[in-house]
Amino acid sequence: MNLLDKVWIVPAIMATSFLLILFFGKRAGTKATAAIGIAAVSICLVFSVVVAGQWINRVNHPPTGAALAADIKQANGLTPQTPNEVGSEVNAATTDSGETVATGDAQPSTEAQATTESQATTESQATTESQSTAAEGEHETVPPVVRTVTWFEIGPIHFEAGTLLDGLAAMMLVTVCIISLLVHIYSTEYLHGDERFTHYYAFLSLFTASMLFYVLSSNTLQMLVGWELVGVCSFALIGHWWEEKKNTDAALKAFLTNRVGDMGLIIGVVITFFAAGATSFNVLHINEYALSGGANTTLLLVGALCLFGGVTSKSGQFPLHTWLPDAMAGPTPVSALIHAATMVVAGVYLIARLYAVFFQGLGIGSSSLHYVAFIGGFTTIMGGALAFVQTDLKKVLAYSTISQLGYMVMALGVGAWTAGVFHLFTHAFFKACLFLGAGSVSHACHHTFDMREMGGLRKHMKVTHITFLVATLALAGIVPLAGFWSKDEILAGAAQGQGGGAYTLMLVFGLITAFMTAAYMGRAYWMTFWGEYRGHGTPHESPKVITVPLAILASCAVVFGFLNFPTNFFGLEIPKGLTVRFEHYVQPTFAFPAVQAIDFRPVIAIISTLLAGAGLAAAYIYYERNKGPHGLTGRNRAARAGYTFLENKYYLDTLYTDIIAADTKGPLARAAYWFNQNVLDGIVDGAASVSKKVSVFVYRDVDQLVVDGVVNGTGLVSEESGQFLRRMQTGKVQQYAAILFAGVVVLAGVLVFVV
Amino acid sequence: MKDFLNSWGLTLAMFVPLAGALVMLLVPKAKEHLHKVIALGTSLVVALIGVLLLTNFDYDNGRTLQFVVDKSWIPFINSRYIIGIDGISLPMIALTMLIVPLCIIYSWNHFPEPKNPKAFLILILILETGMIGTFCAQDLILFFVFFEVVLLPMYFMIGVWGGDKRRYAAMKFFLYTLFGSALMIISFMALYFLSDKVPVPGGGFAHTFDMRLLPMAAAGISTSAALWIFGGMFMGFGIKVPMFPFHTWLPDAHTQAPTVGSVILAAVLLKLGTYGFIRIALPILPHAAERWAPFIGLLAVIGIIYGALCCLAQTDMKRLIAFSSVAHMGFVMLGIATLTDFGINAAIFGMVAHGLITGMLFFVAGSAKERFHTLDIARLGGMLKQMPRMGWILGFSVMASLGLPGLAGFWGEFPAILSAYNPGGGLNVGLFRVYMVVAALGTVLAAAYLLWLFQRVAFGTPKEEFAHDPHVHDVSFTEYVAWVPMLVLIVVLGFFPNIIFHVTNPAVSNMVSAFTGTGS
Amino acid sequence: MLINQFLFLGAILFCIGVYGVLARRNLVLVLMSIELILNAVNINLVAFGAMWHATDPANLSGQVFALFVIAVAAAEVGVGLALVLMIYRNRQSIDADDVDLLKG
């Protein structure tokens, strides 16, 4: 049964697990809660492995003819387009087959025509491809499996929600499920007796569901949803022990720093949507627009940089990396799952998924230095340097994660797509192993992570020691462990470039960091496992529930490197079916820019291995043998200044927390509120008091005085005239008679003389 | 049934609450339980009518007015009793019909001092009449009547049942809003006199207040007159929204109002303003709207940032939530100002989402006030330890309020930001893209003040003052009943935004086509 | 026939009577002056009656009218004296200037 279009079930299972634990976990008890979570993840893992297998099968037997055309149509949603080939065949295909890449302007009436055309052409193309690409390693075009439903409609556009499954997504599915499962199992012991056990498992389930939802998204809007949801889970899990302010501070810091980056992400999603014709958020649609001839590269550049803003915060790039070390306040399994293996790589995944936008926008194929590559490279060094001054084991690992994320971003920046994604894959395993190992160590050392209170643990915790050592060597990049292969490919990619010359600066950054990685990991390893135990009590090995996951992860760290065995390793003859398997199955072939394959460079490999070895040796000498310039910071002012600078994390935290955040929520907010109360409200209240004064004036001076005055005046006049006329009333009859007589005389005169 | 609904449905919806209030007037004050039952029953009957309207609404024809009634009312000024709903009004009416019963249920066991369930519930019912009437009215005078009807009950609710400074707050609310309404009625009258005459039933031609006919009849109004008229309406609606800088009545009104008053004020009354913009100002005077839109957008984004900054400075939880309303309505107004279908759909969704989410926040604040007798953030703390479920609900509401995708608030913010990239109506693209960036910054500040509030109130340990207070109990049964529908709806709308967009889209598309050169 | 002399007499009597009514303080004298006025009117009436009678023998209106006036005068004196008597009983004076109770 074809499961490739039913992958939505995977996040749905985890979401169901979340709801079950949320509503029934407390009543069911801790054992049942853990069981639900573990069972759900196990089912998802099985499903993911099957899906991965089916995808591999699909790559080995790609669909042709009508099935191919149908898949392409489904992938784009609407218009069938001719697929882009990989390798150097791009120019050849567009010129000799005479096709043009159909843009979204194709009329619906000609759609049927176009379908049959593309059917015929893609059929022939498929056959010619399979012949001519034999040398490339059978890179036929295999469209991803896309299934969508209509989500909502605005205006004339119907927006879809759905899943997109290709090699990248399948790889992420498997990785997330494995690590989530191991973390689930590990947490049963690590969080044993915790008062918020069910709450923790609920959020683990929700996180896994969100992360799976994110990697399976078929469009950028859905990715935005998943991106934020994993951010919420991170917030909840970092602040798991929320009674203490420093934990909730760390949680807030994580969320808010990510929100700052999300500004860029949102704007980037908006820009890419409009650039690609404002019809769909579908990632393939956007990618194809980016690769089409008429794409607006400036807009792509701006869009890519905005999207990179989101990557900067989520994947801990400079300068928005400051939340990652603080996030170590959460439980260690959370750090392993979220802040090492899965969530932080969401940004890297974003770049990998929308690679066409980045490739075209930043001009990766034609430059030797650009912003994304630079930031990636700078982050590797910056993170690595900070790892040296940490005494907290988890913080060392956190900075190491920042540094390795820098590697991944740098790899994508220099055009080594597979290298970056492969490093994502291998890093997940050995970094998770390191974190869980740190948790095991802390479990034995009375829940401290301070390396100054550890030491000599190799005698007491054999399994933890061996796995930690293996993972350290893998991280340092010692052959033949996983980290060597992935890191080396990145360095080779920087050296090779993509057509615009070698990314020399990145190569230098990468090599320096290779040394630093080995050195600080060596430091951590020797301080923790060698020497004398500096704590109190006797540490003992952790239970199987903890050590078995460690062993599994360490084994992965050993073996997985060979998944991408280079084709020309020192001139060895290796059968085709065994080399670059990872690249073959994971690198997209559809709507993907023409990325040159990275050749193995023996020189780089040897140099990087030597550097790693030198780093480990330097750490051994400094920390185990105690030779070297100890106490330099006490004697030398420059050294101390440098040390203090590192200790204060380049004063970035001071800038963010003490200056920007504090000033915004302090003086700036208060100023705004003062303005509100005294100016705006002042105007309103002022209007009221002016109205009152005016009304008093009107009442007292106008109404009472003038208007009433007139009214009263009339009365007065009447009274006065009455008083005046009253004097005529003397009461004397004779006077009345006299007046009467006078009147009569006048009347008579009038009557006689006038009338 | 359909015929009955067509001719009586909306009228019943509008006046049944009033009838309930009249019945309650006759019942003696002492029979408190009977009052509550009558009030709840009335609001549920209205909700039932609402359900019937929802099921009988022709969603394919969402752009046309449905359930229209057109009767003679004041022939002298040709003001008729015209009511009808389309895709824009329907979500608003549904929101109102949902919120009022929930408010009554919430108040069941705790009425604020001085308790007087009879008067309080009568006022709520009169409010419901006013609110539903405003959303149904299709005649300007009728609209104005209902628009003003809501003022008095709210004035009394704040002034009698409110907090310490209730008199000031009530008076401020009433006079400020009335001031805007005064300018608005002048605009309406100007529209009446300056628009073309239309044929009247019964022969002859006359000026009209009919909102269905005015878009065409007002097309001939001169630009300068149209700008002034729009300005008058802008004042009337803008004060209600509330837009910066006319928002200062809101914090006082919300802080002093009783819980249920705040919820109704935030959930529905604020929407009367934005609804007025969408229903009246924009369709009737599209070209004036195009000229005013940059200014409205500017005030909107200032409101987003300014509201967020003021939130950060607050020490009272309810006042903080009040200022967050200013910020959220900024997003709604930005969406409206872009004059695109994305923006206006986002605005309507944002109105519904904000109603549910901020309503929830005020409910939680009210419950906290009832238990702690204070909302001073410095004195609160550790809610997740003392009242875990209430803490969870607060956390959920906080996440919804900051626009987390997957919850309803996101669909009010993201499409607004999207629409600002490509505004319609010939608006200045560069200016609106600046607005877009500022609005995105606003989301960061929103997360900041909301999470900071949550950290101080819910995380940590309870303060010594309340740690052993027996009054501090977790969510009670009536609170659950009142809150669960809203919580569920927030999640459902977050994952299935089409529930609203499907309804509003046709009507909005119809309206947006009036603007020159629509964006997407 | 010429009646000038009678009219003169009547006028003189009338003026004396008016003077008496207006200027005398004693109420009885006022009443007497009123009688004078009335009698002056009577003389006028009779004179004019005679003049008319000379031209129209059937016309005796003047004398009839005069008889009326005499009757009225008599009634009026009766009532007037009664009034004066009551005033005297109440106010112990019949000075016209003292009867000014209706003074405003």
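What follows walks through the chain interfaces, one helix and several salt bridges of this structure. The model is a predicted one, and every value below was computed from it.

Start with how the chains meet. Two pairs of chains touch, and the pair with the most contacts is A and B. On that interface, 58 residues of chain B are in contact with 54 residues of chain A. The two chains bury about 5,000 Å² between them, with 75% of that area on carbon and sulfur atoms. On the chain B side, B:Trp392, B:Tyr421 and B:Phe459 lose the most area to chain A, and together they account for 12% of what that side buries.

The polar side of the A–B interface can be counted too. There are 18 residue pairs in polar contact between chain B and chain A, both partners being at pLDDT 80 or more. Helix α18 of chain B, residues 429–457, gives the most to the side of chain B that touches chain A, putting in 12 residues. Sorted by class, that side of chain B has 37 nonpolar, 16 polar and five charged residues. As for salt bridges, the count between chain B and chain A is three. One salt bridge pairs A:Glu195 with B:Lys385, whose closest N and O atoms are 3.5 Å apart. These two residues also belong to a network of salt bridges that links A:Glu195, A:Arg196, A:Glu243 and B:Lys385.

Chain C meets chain A as well. Here 16 residues of chain C are in contact with 10 residues of chain A. The buried area comes to about 920 Å², and carbon and sulfur atoms give 60% of it. No salt bridges turn up across the interface of chain C and chain A, though the rule does find two residue pairs in polar contact, again with both residues at pLDDT 80 or more. On the side of chain C that touches chain A, helix α1 (residues 4–23) of chain C gives the most, with six residues. By class, that side of chain C has nine nonpolar, two polar and five charged residues. Chains B and C, for their part, have no contact, and their closest C-alpha atoms lie 56 Å apart.

Next comes a helix inside chain A. Helix α22 of chain A runs over residues 544–559, and its 16 residues should span 22 Å at 1.5 Å a residue; the end C-alpha atoms are indeed 22 Å apart, so the expected and modelled spans agree. Several of its residues are buried: A:Ile546, A:Thr547, A:Pro549, A:Leu550, A:Leu553, A:Ala554, A:Cys556 and A:Ala557. The cover over the buried residues of α22(A) includes four other helices of chain A, namely α6 (167–190), α18 (417–444), α19 (462–476) and α20 (482–496).

Over in chain B, B:Ser187 sits in helix α7, residues 166–194. B:Ser187 counts as buried because its relative accessibility is 3%, under the 20% cut-off. Leaving aside residues up to four places away in sequence, B:Ser187 touches B:Trp228, B:Ile229, B:Gly232 and B:Met233.

That leaves the salt bridges within chain B. A search of the whole structure finds 22 salt bridges over all chains. One of them joins the side chains of B:Asp210 and B:Arg212, at 3.0 Å from N to O. B:Asp210 is buried, with a relative accessible area of 5%, whereas B:Arg212 is partly exposed at 34%.

Another joins the side chains of B:Asp252 and B:Arg319, with N and O 3.3 Å apart. This pair links distant parts of the chain, 67 residues apart: B:Asp252 lies in helix α10 (residues 249–256) of chain B and B:Arg319 in helix α13 (residues 317–337) of chain B. B:Asp252 counts as buried at 5% relative accessibility, and B:Arg319 also counts as buried, at 10%.

Sequence neighbours pair up as well, in B:Arg371 and B:Glu370, whose side chains meet in a salt bridge at 3.5 Å from N to O. B:Arg371 is buried, with a relative accessibility of 0%, while B:Glu370 is partly exposed at 33%.

Key:
Residues numbered from 1 in each chain as written. Chains lettered and ligands numbered in written order. Predicted model: local features only at pLDDT ≥ 70, side-chain atom pairs only at ≥ 80, totals over all residues. Heavy atoms only, no water. Contact = heavy atoms within 4.5 Å. Buried area = accessible area lost by both parts, 1.4 Å probe. Salt bridge = Lys/Arg side-chain N within 4 Å of Asp/Glu carboxyl O. Polar contact = N/O pair within 3.5 Å; in protein donor to acceptor, adjacent residues only side chain to side chain. Helix = DSSP H or I, 4+ residues; strand = E, 2+ residues; numbered from the N terminus. Nonpolar A, V, L, I, M, F, W, Y, C, P; charged D, E, K, R; others polar. Expected span 1.5 Å × (residues − 1). Buried < 20%, exposed > 50% of the residue type's maximum accessible area, 1.4 Å probe, protein only.
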